[in-house]
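Open the model in your viewer and keep the sequence panel beside it. We will walk through it one selection at a time.

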Amino acid sequence: AKTKARIDNNVRSVINKIQRHQLSDGGLSFWEGGTTADDWGTTYAGHFMLEAEKKGYALPFGIKEKWITYQKERARYWSDKSSSISSELAQAYRLYTLALANEPVLSAMNKLRSQQNLSIQASWRLAAAYQIIGKKDVAKEIVQNKTTSIKPYTELDFSYGNDTRDKAMIIETLTLMGEKSKAAV
């Protein structure tokens, strides 16, 4: 009971903190009182909100809707000209969370899918987005020749990623695709 109460308190605390970081345009600043949205942090916090809501937590009025509006606009106007592995992954993660929110932006998904040499991480995250919206053949096509092996690394900025996070995203995608035996390897 104590653990459950602590978890409940922590989730509610994070939801309140997210609300304090949300800007008027729906993005979330990295620091409270900030004036600029953090790309990865906005998606990450939104993902947290979606999962909390799925577990029955009430979100403050309008917070999710503002986040969705912001994310959809960012997804639509993402530029492949400044494409880098981090930028592609941020867009794929954004599209994945919009799919989780039942608000997919198919035009942006197709645009990212058409990128030449899409990174392994972005490919797997984008495949998960397509899988969630029921485009199973497209999901399989995206990762058809993609490895499930990630070399060890740690990124201390932009997406704050590492090989463990990327492997978890691959395992999740394989699980969504019904390939649990491949995910277990």
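Leaving aside neighbours within four places in sequence, which residues is R94 in contact with? Keep in mind as you look that this is a predicted model.

**Stop 1: R94**

Select R94, which you will find in helix α4. Now show D39, T43, Q71, R74, A75 and W78 as sticks: these are the residues that R94 is in contact with once its neighbours within four places in sequence are set aside. Next, add Q91, whose side chain makes a polar contact of 2.4 Å with the side chain of R94. Is R94 buried or exposed? Its relative accessible area is 1%, under the 20% cut-off, so R94 counts as buried.

**Stop 2: Y44**

Move on to Y44, in helix α2. Y44 has a relative accessibility of 55%, over the 50% cut-off, and therefore counts as exposed. If you like to use the distance tool, pick the C-alpha atoms of Y44 and A90: they are separated by 9.8 Å, while the two residues are 46 residues apart along the chain.

**Stop 3: the second largest pocket**

Keep Y44 selected, since Y44 is one of the residues that line the second largest pocket. To see the rest of the lining, add W40, H47, Y93, R125, S159, Y160, R165, A168, M169 and E172. The elements that give two or more residues to this lining are α2 and α8 (163-176). Of these, α8 provides the largest share, with four residues. Colour the lining by class and you should find six nonpolar, two polar and three charged residues. The space in this second largest pocket comes to about 180 Å³.

**Stop 4: the largest pocket**

Now select H21, S29, F30, G41 and A45. Among the 14 residues that line the largest pocket, these lie nearest its centre. Two elements, α1 (2-21) and α2 (39-54), give two or more residues to the lining. Which element gives the largest share of the lining of the largest pocket? That is α2, with five residues. By class, the lining of the largest pocket divides into nine nonpolar, three polar and two charged residues. About 390 Å³ of space lies in this pocket.

**Stop 5: helix α7**

Select residues 136-143, which form helix α7. Highlight V138, A139, I142 and V143, the buried residues of this helix. Then turn the view so that you look along the axis: these residues cover an arc of only 120 degrees around it, which means that they sit on the same side of α7. What do the buried residues of α7 pack against? Show α5 and α6, and you have their packing partners.

**Stop 6: two asparagines in loops**

Finish with N102 and N117. N102 is in the loop between α4 (85-100) and α5 (106-113), and N117 is in the loop between α5 and α6 (120-132). Check the backbone torsions here: N102 has a phi near 60 degrees, a positive value in a residue other than glycine. For N117, phi is also positive, at about 55 degrees, although N117 is not a glycine. Are these asparagines buried or exposed? N102 has a relative accessibility of 65%, so it counts as exposed. N117, at 73% relative accessibility, counts as exposed too.

Key. Residues numbered from 1 in each chain as written. Predicted model: local features only at pLDDT ≥ 70, side-chain atom pairs only at ≥ 80, totals over all residues. Heavy atoms only, no water. Buried < 20%, exposed > 50% of the residue type's maximum accessible area, 1.4 Å probe, protein only. 1 Å grid on protein atoms, 1.4 Å probe; cavity = no way out; pocket = protein on both sides within 12 Å on 5 of 7 lines; lining within 4 Å. Points joined across faces, edges and corners; volume = space filled by probe spheres on them. Nonpolar A, V, L, I, M, F, W, Y, C, P; charged D, E, K, R; others polar. Arc of directions from axis to C-beta. Contact = heavy atoms within 4.5 Å. Polar contact = N/O pair within 3.5 Å; in protein donor to acceptor, adjacent residues only side chain to side chain.
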